[in-house]
Amino acid sequence: MMGWVVLFTVLLLSALNVPIGFVLALATIVVVMIQGTAPLAAIPLMIFGGASKFPLLAIPLFILAGGLMTTSGISTRLINLASALVGFIRGGLAMVTIVASMFFGEISGSAVAGAAAIGQVVIPAMEKKGYPKAFSAGVVSNAATLAIIIPPSIPMIIYAAMADTSVVKLFISGVIPGIIGGGMMMLLSYYFARTRNYPAEAAFSLGALGRALKDGFWALMIPVVIWGGIFGGIATATEVGGLAALAAIVIGAFLYRELNWKDFWKTIVDSAMQTAVIMLIVATSAVLGWYLTNEGVPQQLAQAMLGLTSNKYLILFLLNVAFFIAGCFLHSAAAIILVVPIVLPLIKQLGVDPIHFGLMVTINLGVGQQTPPVATVLMTTCAIANLSMWEVFRTGFYYMMVLVVLTLLVTYVPETGLWLVNLVYAN
Amino acid sequence: MRKAYDGMVAILEVYSGGLILVMLGVVLVGVFYRYVINEALSWYDEFAGFILVWLTMYGSVVGLARGKHISFETLVEKLPRRGQRVVEIFGILCVMMFSVVVLTSGWELIREMAEETAVSIPEIKMAWIYSVMPISAALMILVGAVQLVRTISGKGLSGEARPKAMEEGQ
């Protein structure tokens, strides 16, 4: 009964344009007031507890690192490097977008940051070369989602905090699916370039690649710091995030000398705002999650599901559908915090590896970032390209299907993600 | 009056920027101690977690004033002007209701926790740390009141253009 009150309140208030971060807390306040079993004083305590987890510190630090990359001139160099690597192929700029997004994803864990950083440079350039604008925006938007599959990744950080599992293992599990996803998007771009006659960029030259590598040497040091820290098991995700932000500052201020005080401070304030917005959702999702768990919703759901079927593959499929729907209407952070604790007991009962499940959820919610009405990454790209959401959604549809295929691949071939994890942890 | 309000929001913005810098500093000091000096700091993860909550709450006040929080605008945009304004007022009241609950129960929380201290740093009273809840809630009520006056007098939300989804972390 109270579950329906929560659902109704959330849907009603969301539809009325109340910010989602407040909606989640308000729904809990409403049911706590009706029931009167728990004291209202628990609410600020839960908000506090939801936001003060050490692993979540990685979120602001990676947001900061991503923002500083752009103001430090690191993003531009990564795009140049991608251009020297794959620009010569037919559909060159689409290829460059995808490869640059993969580079960017090695540093930032945020697909919104990736879409903004790369879209601003690539979309105007593609327009000049005669690519339809909606097509360029579709590529930028979907390629940006690779950032949350390739480590580091903000949704993975949140999942690991919720499921109490290893962030680093989850990060590692994303490497191969990220590369497969990028590869599939490049094949698709090649096909479109052939059939629609999109141009290649300058012919491949070792000299140009050498120059781009030399110019981008310091820019490439950041992924080295991050991946070294993660794979070497040297530091936690939070510590690596701090080091990445520091590296971006040092490179931008002393090596490329493109970072000035004004841009630096603007990036700091922007990052603080982005952090507050996402962390409010994280914190208030925790409040609602606490209520739902207290009410025994996870156990009820597990029972209901297992009463329906005990087929692991079918249940995983149903959960994929559930996460897809949640991802259409919820911010990915909220979807993870609300849904993961509810389905986790079921997952464990079925004997599914929480790392495998986390990877599945991450990529699935990546699709949700591209599907209206709540499509954070798509919206960012549309704002840059000045196009309507549906227009870009249509042209980017095939690229989004790559993400859908990738979700099914990691769901039903767990080795796609787990093989590398087992390899790294074997010794 | 308007100037005082804008000034307050600007100060909170600088404060939030400062908090994220302090957080970066604390994490880097922690890394330095752990890997260079080889002596883990016992307080740094708990303390950094506190800063994150402060950043979240004080930053959310600024986000509220500047209309940066993520919401679902599609349906409301289809309403006629008059309806939009009614919905806007309702939304502000909802946020204010949240803030009133956090303010009153946050105050209660502080009183109950008056003697508790942080686990790793006995010098820090939890009441100081929890103070963020009622204070930020009071600031949100203030922001809500100003927005309410502006909306009713027809000046539009926060006196700025409608926010886009650009500023957000995923």
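**Note on the predicted two-chain model**

1. P152(A) is placed in the loop that runs between α9 (146–149) and α10 (154–163) of chain A. The model is a predicted one, and the peptide bond joining P151(A) to P152(A) is cis, with omega at about -5°. A second backbone feature concerns N17(A), whose phi is near 70°, a positive value in a residue other than glycine. N17(A) belongs to the loop between α1 (2–15) and α2 (20–35) of chain A.

2. Chain B consists of six helices and zero strands in its secondary structure. Read from the N terminus, its elements follow the order α-α-α-α-α-α. Along the principal axes, the C-alpha atoms of chain B occupy a box of roughly 65 × 35 × 30 Å.

3. The interface between the two chains draws 72 residues from chain A and 64 residues from chain B. Together, chain A and chain B bury about 5,800 Å², and 79% of this area is on carbon and sulfur atoms. Within chain A, the residues losing the most area to chain B are F22(A), F48(A) and M273(A), which together account for 13% of what that side buries.

4. Polar interactions across the interface can be listed next. One salt bridge is counted between chain A and chain B. It pairs E239(A) with R34(B), and the closest N and O atoms are 3.0 Å apart. In addition, the count of residue pairs in polar contact between the chains is five, with both residues at pLDDT 80 or more. The side of chain A that touches chain B receives its greatest contribution from α15(A), with 16 residues. By class, this side of chain A comprises 54 nonpolar, 15 polar and three charged residues.

5. One helix pair at the interface merits separate description. Two packed helices are described by the angle between their axes and the distance between the axes. Helix α15 (residues 261–294) of chain A and helix α2 (residues 44–65) of chain B have axes that come within 8 Å and cross at roughly 100°. Because angles of 65 to 115 degrees count as roughly perpendicular, α15(A) is roughly perpendicular to α2(B). On the α15(A) side, the contact is made by A272(A), M273(A), T275(A), A276(A), M279(A) and L280(A). On the α2(B) side, the contributors are L52(B), L55(B), T56(B), M57(B), G59(B), S60(B), V62(B) and G63(B). Sorted by class, this helix contact has nine nonpolar, five polar and no charged residues. M273(A) thus appears both in this contact and among the chain A residues that lose the most area to chain B.

6. Over all chains, the structure holds seven salt bridges. One of them joins D215(A) to R77(A), where the closest N and O atoms lie 3.4 Å apart. D215(A) is in helix α12 (residues 206–215) of chain A and R77(A) is in helix α5 (residues 74–86) of chain A, so this pair ties together parts that are 138 residues apart in sequence. Side chains of opposite charge can pair when their charged atoms come close.

Note on methods:
Residues numbered from 1 in each chain as written. Chains lettered and ligands numbered in written order. Heavy atoms only, no water. Axes fitted to C-alpha atoms, helices over the stretch in contact; angles between N-to-C directions. Helix = DSSP H or I, 4+ residues; strand = E, 2+ residues; numbered from the N terminus. Parallel < 35°, antiparallel > 145°, perpendicular 65-115°, else oblique. Contact = heavy atoms within 4.5 Å. Nonpolar A, V, L, I, M, F, W, Y, C, P; charged D, E, K, R; others polar. Buried area = accessible area lost by both parts, 1.4 Å probe. Salt bridge = Lys/Arg side-chain N within 4 Å of Asp/Glu carboxyl O. Polar contact = N/O pair within 3.5 Å; in protein donor to acceptor, adjacent residues only side chain to side chain.
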